[in-house]
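Student: I am new to this structure. Please take me through the disulfides and the unusual backbone spots, one at a time.

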Amino acid sequence: MSRCRVDRACRQKHSVQRPGDARSWLHRRCFRHRHARTFILRIRDFAALCVVAFAGLGAEISLAEVSDTDKVIYARAVEHCRGNVKRSMALDLDKRVLCFDGAILPELDLSLADRLEDGGLFVMRSFGGEQLSAIRLAEVLRRRDATVVVYDYCLSACASFVLVASTKAFVVKNTLVAWHHWTGEYLCPSLEQARDEGPRRLEKNACADAPADYQSMYEYAKWLDKWFYSTRAVAPPFENPPQSVIVRRILQNKFGGRGEYPSNLMWTWNPRYYASKIKTKVVYEAYPQSQDEVDALANVLQLRVIFDP
């Protein structure tokens with residue numbers, strides 16, 4: 001409906017209610033209504049611009065909370081773990097730095113993690129792995145009050161569980177941290193209502209024709225996820241994997257256009273959302289500022305990753 005038709009309808013409505021001398025006041029009422037609506041829309045657009053403009057500023061403020069001494073310590077720890085140390089896990093001689101480089105396998109031995117000194121560093125690079133092993137590792141790191149430092153890439157279970165294992169985490173510059181859904185033969189994609197009542201989330205659930213034992217395993221995995229975040233989320237339950245409104249809309253478009261789950265696809269999660277969602281204080285040395293930056297990191301790993309601005 002055009003603005004003129006809306007204004008005419010407004011005048012007709014209020015003329016019936018208050019005829020005669022009040023007409024001029026009523027016309028101003030319609031005028032105020034129209035311009036108030038325009039003003040509100042401008043405020044909304046301005047607020048949206050502010051969110052984007054201050055995203056980078058928020059990252060700088062968070063980085064400022066990490067002391068120069070800590071930055072040097074983290075850099076030296078990463079350099080040590082890049083070097084000639086045993087894979088996938090190695091503990092330095094003073095038991096202050098535990099290196100992890102590889103997949104989070106079901107048979108993961110946690111004995112070295114148990115020997116890490118309280119308040120030590122857990123330095124990690126991983127494509128992810130098994131959910132239960134990642135949670136077991138995260139629980140040990142939490143008991144040790146370790147600071148998690150990730151470099152190069154931290155994907156899937158690394159991002160969902162190990163990154164937020166303890167109270168603090170540091171993401172080294174040029175590190176790709178990204179999430180995705182579970183993968184499996186009997187998982188079917190669908191668009192589900194989000195708990196924040198915003199745009200719908202693309203989810204994967206056990207298919208209706210999945211074998212009973214698979215459905216039981218899926219329900220157990222969901223329970224583990226819920227249990228893990230019950231003490232790590234600011235306001236449980238936490239929707240894992242996390243998706244911002246922008247990422248949800250992109251996933252909706254990709255899924256809606258093809259009617260199937262987009263394969264080999266991951267996404268980032270802007271750190272400006274973390275403080276309101278998770279208790280772990282995660283600081284990025286430099287969160288990517290564009291899709292091009294994310295592509296440069298993802299192409300090396302032969303991945304497709306959506307940038308969350």
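**Disulfides and backbone exceptions**

Tutor: Start with the link of Cys154 and Cys158: the torsion about its S-S bond is about -105°, so this disulfide is left-handed. The model is a predicted one. In it, the sulfur atoms of Cys154 and Cys158 sit 2.0 Å apart. Are these two cysteines buried or exposed? Cys154 is buried, with a relative accessible area of 0%. Cys158 counts as buried too, because its relative accessibility is 0% and the cut-off for buried is under 20%.

How many disulfides does a search of the whole structure find? It finds three. A disulfide is a covalent bond between the sulfur atoms of two cysteines.

Next, take Cys81 and Cys99. A disulfide joins them, with an S to S distance of 2.0 Å. The link of Cys81 and Cys99 is left-handed, with -75° about the S-S bond. This pair links distant parts of the chain. Cys81 belongs to helix H3, Cys99 belongs to strand S2, and 18 residues separate them. Cys81 is buried, at a relative accessible area of 1%. Cys99 is buried as well, at 4%.

Now Cys188 and Cys207. Their sulfur atoms are 1.9 Å apart, and they form a disulfide. Here the torsion about the S-S bond is about 105°, so the disulfide is right-handed. Cys188 lies in strand S7, while Cys207 lies in the loop between S8 and H7, so the pair ties together parts that are 19 residues apart in sequence. What about exposure? Cys188 counts as partly exposed, because its relative accessibility is 33% and partly exposed covers the range between 20% and 50%. Cys207 is buried, with a relative accessible area of 8%.

Turn to the backbone. Most residues other than glycine have a negative phi, and most peptide bonds are trans. Here are some exceptions.

Where does a cis peptide bond join Arg87 to its partner? The partner is Ser88, and omega is about 5°. Ser88 is found in the loop between helix H3 (68-82) and strand S1 (89-91). Helix H3 is also the element that holds Cys81.

A second cis peptide bond runs from Asn240 to Pro241, with omega near 0°. Pro241 has its place in the loop between helix H7 (212-229) and helix H8 (245-258).

Then come the positive phi values. Lys95 is a residue other than glycine, yet its phi is near 60°. Lys95 lies in the loop between S1 and strand S2 (97-101). Strand S2 also holds Cys99. Lys95 is partly exposed, with a relative accessible area of 32%.

Glu197 has a positive phi too, near 65°, and is likewise not glycine. Its loop runs between strand S7 (187-192) and strand S8 (201-206). Strand S7 is where Cys188 lies. Is Glu197 buried or exposed? Glu197 is exposed, because its relative accessible area is 69% and the cut-off for exposed is over 50%.

Look back once more at the links. Cys81 and Cys99 have a left-handed disulfide. The disulfide of Cys154 and Cys158 is left-handed. The disulfide of Cys188 and Cys207 is right-handed. As for the backbone, the loop between H3 and S1 holds Ser88, and the loop between S1 and S2 holds Lys95. The loop between S7 and S8 holds Glu197, and the loop between H7 and H8 holds Pro241.

Definitions and conventions
Residues are numbered from 1 along each chain as its sequence is written. This is a predicted model: local features need pLDDT of at least 70, side-chain atom pairs count only at pLDDT 80 or more; totals for chains, interfaces and linings use all residues. Side-chain values use heavy atoms; hydrogens and water are left out. Helices (H or I, at least four residues) and strands (E, at least two) are DSSP runs, numbered from the N terminus. Buried means under 20% relative accessible area, exposed over 50%, partly exposed in between (1.4 Å probe, protein chains only). A disulfide is a pair of cysteine sulfur atoms within 2.5 Å.
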